[in-house]
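Here is a short briefing on one protein chain. Look over the sequence and the model, then work through the points below.

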Amino acid sequence: MNLRLRFRNGMNITKVSADSVVLKSADMNDLHYKGLSSGILAVFDKLSNGGADEDALSRLVVEHDGSAKLFGYYQFIYGLTSSALIAHHLYEDSQPIAAIMPIARHYKFEQKRIDPDQVYQFSKFAYVRQEDGDFVIETPRGCAKVYLYAEPAFTLWRTLATGHSLNDLAALYDELDSKTIKQFLNLLLNAEMIVSVAEDESTIETAEGALEMWDFHDLLFHARSRQGRHNNPYGGTYRFRGRKQSPPLVKSYADHEPIALPKPDLDALKQGDAPFTAVLESRRSRRTYQDDAPLTFEQLGHFLYRAARVQQMHQPGGDMPDISFRPHPGGGAIHELNLYPIVGKCEGLAGGVYYYDPLNHTLKLVTPHNEYVQRLLHIGWMTADRRSFPQVMFGITSRFGRLQWKYESMVYAATLKNVGALYQTMYLVAEAMGLAAVGLGGGNSDLFGLTTGLDYYEESLVGEFLLGSRDPNGQEW
Ligand SMILES: Cc1cc2nc3c(=O)[nH]c(=O)nc-3n(C[C@H](O)[C@H](O)[C@H](O)COP(=O)(O)O)c2cc1C
């Protein structure tokens, strides 16, 4: 048999007494096995050291415990496999060529029925990457990785870029044992990395159904930023603690002159502002402005103060980063989002890109108005249905490092959720102030980086929001 069973990567097996064993792995609770027979202990030993095929493992049990214990062994090995603890390694001429590695609790491994004439093709969701010097195929569809170690695995995998059956592959590569080809297809099927191609050339990924509608990157993002289909570290793991400092709460732009922004009278607003329910009920996305009376510098100051300033700062001490509390919520109170007013037309403020310092409630000019600034505004205008030309567009960036310092696997998802929370707060403040506001669904992060000199990987645009003076006769829909 060319398929050997072995504990999956990352498992640590310790014998704690003559008949008990503990299995440890960073991604699960310890598993204790007690009262094991000498045959099962020998199986444990084989699964930890080099592995063996099913026949060899059964023989070990018979040798140690007698054939009466075989049924118990089958149940035992089935339990290990269905608990996603066992990897299957495919061998050709005693050399490992590929392996399927479980990465999630719902993993199932079974011998798939393979019709020799059934055509299979590599999935549109599967992709290859390098990991610790190995080629690894991953997919957001399955619960396993497949490792490619040596030929003929690479050749077979490449050939499956277009549809081929077992018979096609055997004819193409007649020097190969067809059992090896069959087992390779079996591994890929168990990992959901190949799909059956129907006579009309459709697959489950292209035929009508939910999968047809998914983009590769969206499904990958969904699967890897949620729990369930991977065993990557997840949540607040503080992986950079002691290695790197988190980026600070606010950026300094030390050599830029601060422009103090006007503040609203909050006490007066608490008494006289529009009631919350009235604001909530009247809020709409508004894209048309009163061009002869644009947004003013004072309104911009009041808006930023009410929606996005730091209300309270908290310094936990040690190497823990400062956190803050603001009118809008933010995961972990980390507040990695920054607001950059991109000013087209604002009474009392020159055009250009500014950084909003939410701690000191000041603006700092980052880039005076130029052709790039104009292009950013133009994109905002096109995205908001080509109505009024933007008066102020807020570029919302994420300083990813602030979240990455604490969280793992979910950083980008978290930052987009924070954008949503900020959008809603901005919408409500704009409505309460009688302004016109609309959140946008996309923009050009590279162009913003070019305009401001920001490093794409440290801080990129993740949202944009338009604000202007409301045209009382504006037609919204
Ligand atoms: C995340 C998000 C993205 C949006 N993207 C756009 C956009 O790109 N262009 C646009 O004109 N409106 C955009 N909008 C506004 C929606 O079209 C608007 O909220 C929706 O039509 C409902 O109308 P309402 O906001 O008046 O309730 C967006 C809103 C949100 C929350």
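The centres of domain 1 and domain 3, taken over C-alpha atoms, lie 56 Å apart. This is a predicted model. Its chain divides into domain 1 (3-83), domain 2 (90-225) and domain 3 (235-469).

**The sheet**

- Strands of a sheet pair through backbone hydrogen bonds, either parallel or antiparallel.
- Here six strands make an open sheet, and their pairing is antiparallel.
- The strand order is β1-β5-β6-β10-β9-β8.
- β1 (3-7) and β8 (127-131) are the edge strands, so each pairs on one side only.
- From one strand to the next, the twist averages 30°.

**One strand pair**

- Five bridges join β8 to strand β9 (residues 134-138) in the antiparallel sense.
- Within this pair, Tyr127 stands opposite Glu138 in β9.

**A helix on the sheet**

- Helix α1 (residues 38-48) lies across β1 and β5 (86-92).
- α1 runs at about 100° to β1.

**Two crossing helices**

- Helix α10 (residues 297-308) and helix α13 (residues 411-432) have axes that come within 9 Å.
- Those axes cross at roughly 135°.
- Why is α10 called oblique to α13? The angle of roughly 135° is not over 145, the cut-off for roughly antiparallel, and it lies outside 65 to 115, the range for roughly perpendicular, so the pair counts as oblique.
- The crossing of α10 and α13 is right-handed.
- From α10, the residues in contact are Phe303, Arg306 and Ala307.
- They meet Leu422, Thr425, Met426, Val429, Ala430 and Ala432 in α13.
- By class, this contact of α10 with α13 holds seven nonpolar residues, one polar and one charged.

Technical notes:
Residues are numbered from 1 along each chain as its sequence is written. This is a predicted model: local features need pLDDT of at least 70, side-chain atom pairs count only at pLDDT 80 or more; totals for chains, interfaces and linings use all residues. Side-chain values use heavy atoms; hydrogens and water are left out. Domain bounds come from an automatic or database domain assignment. Two strands pair if DSSP finds at least two bridges between them. Helices (H or I, at least four residues) and strands (E, at least two) are DSSP runs, numbered from the N terminus. Axes are lines fitted to C-alpha atoms, for helices over the stretch in contact, and angles run from 0 to 180 degrees between N-to-C directions. Contact means heavy atoms within 4.5 Å. Angles under 35 degrees count as roughly parallel, over 145 as roughly antiparallel, 65 to 115 as roughly perpendicular and the rest as oblique. A crossing is left-handed if the near helix is turned anticlockwise from the far one by less than a right angle, and right-handed if clockwise. Ala, Val, Leu, Ile, Met, Phe, Trp, Tyr, Cys and Pro count as nonpolar, Asp, Glu, Lys and Arg as charged, and the others, Gly among them, as polar.
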